[in-house]
Amino acid sequence: MYEYFNGKLAYKAPTHVVIDVSGIGYYVHISLYTFSQIKDQENCKLFISLQVREDSHTLYGFATESEKKLFENLISVSGIGPNTGRMILSSNTPDEIQSAIVNGQVALIQKIKGIGPKTAQRLILELQDKLKKQGVEALSTTIQSQSIPDEALSALVMLGFNKAAAEKVLNTILKTEANLSVEDMIKLALKRL
């Protein structure tokens with residue numbers, strides 16, 4: 001429902017922030033890693049995960065989109081709720097956690113408060129292949145780091161064009177004109193599709 005909030009930090013604590021977005025203050029739970037990334041900032045952008053339960057709607061915020069994706073992967077595992085997911089992300093950096101899961105380091109995961117041996121094994125079992133497929137570089141990728149052809153392809157697919165056809169046209173355009181902006185590339189592709 002929410003992708004990110006960009007606003008002024010009205011209040012900061014190691015476990016939560018109040019972020020003022022256009023005059024509305026949102027109470028957002030954060031990990032210690034996120035706190036370390038934003039502690040010196042007046043304004044910031046937090047990637048948001050909204051967790052809905054019968055009795056509450058809770059916002060969790062992350063300094064990077066990759067940390068948010070890892071959080072969502074963690075809470076997809078049976079027995080790991082949002083608070084435990086936040087605890088896991090507070091214990092180490094997202095890179096260290098993903099590396100521990102991919103490499104099957106049960107002992108490292110077990111050291112985290114609230115994670116026993118069975119939960120650690122289940123976490124590795126359920127996420128190891130998923131995170132291997134995404135690759136370690138998936139942690140450091142964000143929407144902004146997409147290449148221009150990738151952004152153009154995403155835009156064309158969102159407009160309803162077939163991915164294979166759009167890719168073929170974009171590759172043809174790249175062969176003739178390499179230094180185009182995303183907008184120009186999309187305009188040329190629209191003329192050829």
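The domain assignment splits the protein chain into domain 1 (4–62), domain 2 (65–134) and domain 3 (148–191); such bounds come from an automatic or database domain assignment. The C-alpha centres of domain 1 and domain 3 lie 36 Å apart.

A word on ground rules. This is a predicted model, where local features need pLDDT of at least 70 and side-chain atom pairs count only at pLDDT 80 or more, while totals for chains, interfaces and linings use all residues. Residues are numbered from 1 along each chain as its sequence is written, and side-chain values use heavy atoms, with hydrogens and water left out.

**The overall picture**

The protein chain has 10 helices and 5 strands, where helices (H or I, at least four residues) and strands (E, at least two) are DSSP runs numbered from the N terminus. Along the principal axes, its C-alpha atoms fill a box of roughly 55 × 45 × 35 Å. The accessible surface comes to about 11,100 Å², with 51% of that belonging to carbon and sulfur atoms; these areas come from the Shrake-Rupley method with a 1.4 Å probe, and for residues only the protein chains shown count as cover.

Of the 193 residues, 38% count as buried. Buried here means under 20% relative accessible area, exposed means over 50%, and partly exposed is in between (1.4 Å probe, protein chains only). As for contacts (heavy atoms within 4.5 Å), take those between residues at least 6 apart in sequence: 50% of them join residues at least 24 apart.

**Two cores**

Which residues touch the most other members of the largest nonpolar core? They are Leu 74, Ile 101, Ile 109 and Leu 123, out of 22 residues in that core. A nonpolar core, for the record, is a set of buried Ala, Val, Leu, Ile, Met, Phe, Trp, Tyr and Cys residues joined through side-chain atoms within 4.5 Å. β5 (57–62), α2 (65–75), α3 (82–91), α4 (94–102) and α6 (117–134) each put in at least two residues, and the largest share, 5 residues, comes from α6.

Leu 123 is a handy place to start looking around. Setting aside neighbours within four places in sequence, Leu 123 is in contact with Leu 74, Val 77, Ile 80, Ile 101, Ile 109 and Gln 128. Apart from this core lies another, of 13 residues, with Leu 153, Val 169, Leu 180 and Ile 186 among them.

Helix α6 also holds Leu 125. Is Leu 125 buried or exposed? At 68% relative accessibility, Leu 125 counts as exposed. Leu 125 and Leu 190 are 65 residues apart in sequence, and their C-alpha atoms are 44 Å apart in space.

**Rings**

The structure holds 5 aromatic pairs. Rings of Phe, Tyr and Trp (its six-membered ring) pair if their centres lie within 6.5 Å; planes under 30 degrees apart count as stacked, over 60 as edge-to-face and the rest as tilted. One of the pairs is Phe 62 with Phe 71, which is tilted, at 4.8 Å centre to centre and 40 degrees between the planes. Both partners have their burial worked out: Phe 62 is buried at 1% relative accessibility, and Phe 71 is buried at 0%.

Elsewhere, ring pairs link Tyr 2, Phe 5 and Tyr 26 into a cluster. Lys 45 lies over the face of Tyr 4, at 4.1 Å from the ring centre; the test is that NZ of Lys or CZ of Arg is within 6 Å of the ring centre and within 35 degrees of the ring normal.

**Helix α1 and a loop**

Ile 38 sits in helix α1 (residues 32–38) and counts as buried because its relative accessible area is 3%. Not counting residues up to four places away in sequence, Ile 38 touches Leu 9, Lys 12, Val 17, Ile 30, Cys 44 and Leu 46. Ser 36 is found in α1 too, but is partly exposed, with a relative accessible area of 36%.

Ser 22 belongs to the loop between β2 (16–21) and β3 (24–30). Its phi is near 55 degrees, a positive value in a residue other than glycine, and Ser 22 counts as exposed at 77% relative accessibility.

Here are some C-alpha separations to check on screen.

| Pair | Apart in sequence | C-alpha to C-alpha |
|---|---|---|
| Ile 38 and Lys 12 | 26 residues | 8.9 Å |
| Ser 36 and Ala 63 | 27 residues | 9.2 Å |
| Ala 107 and Leu 70 | 37 residues | 19 Å |

Ala 107, in that last row, lies in helix α5 (residues 106–110) and counts as exposed at 54% relative accessibility.
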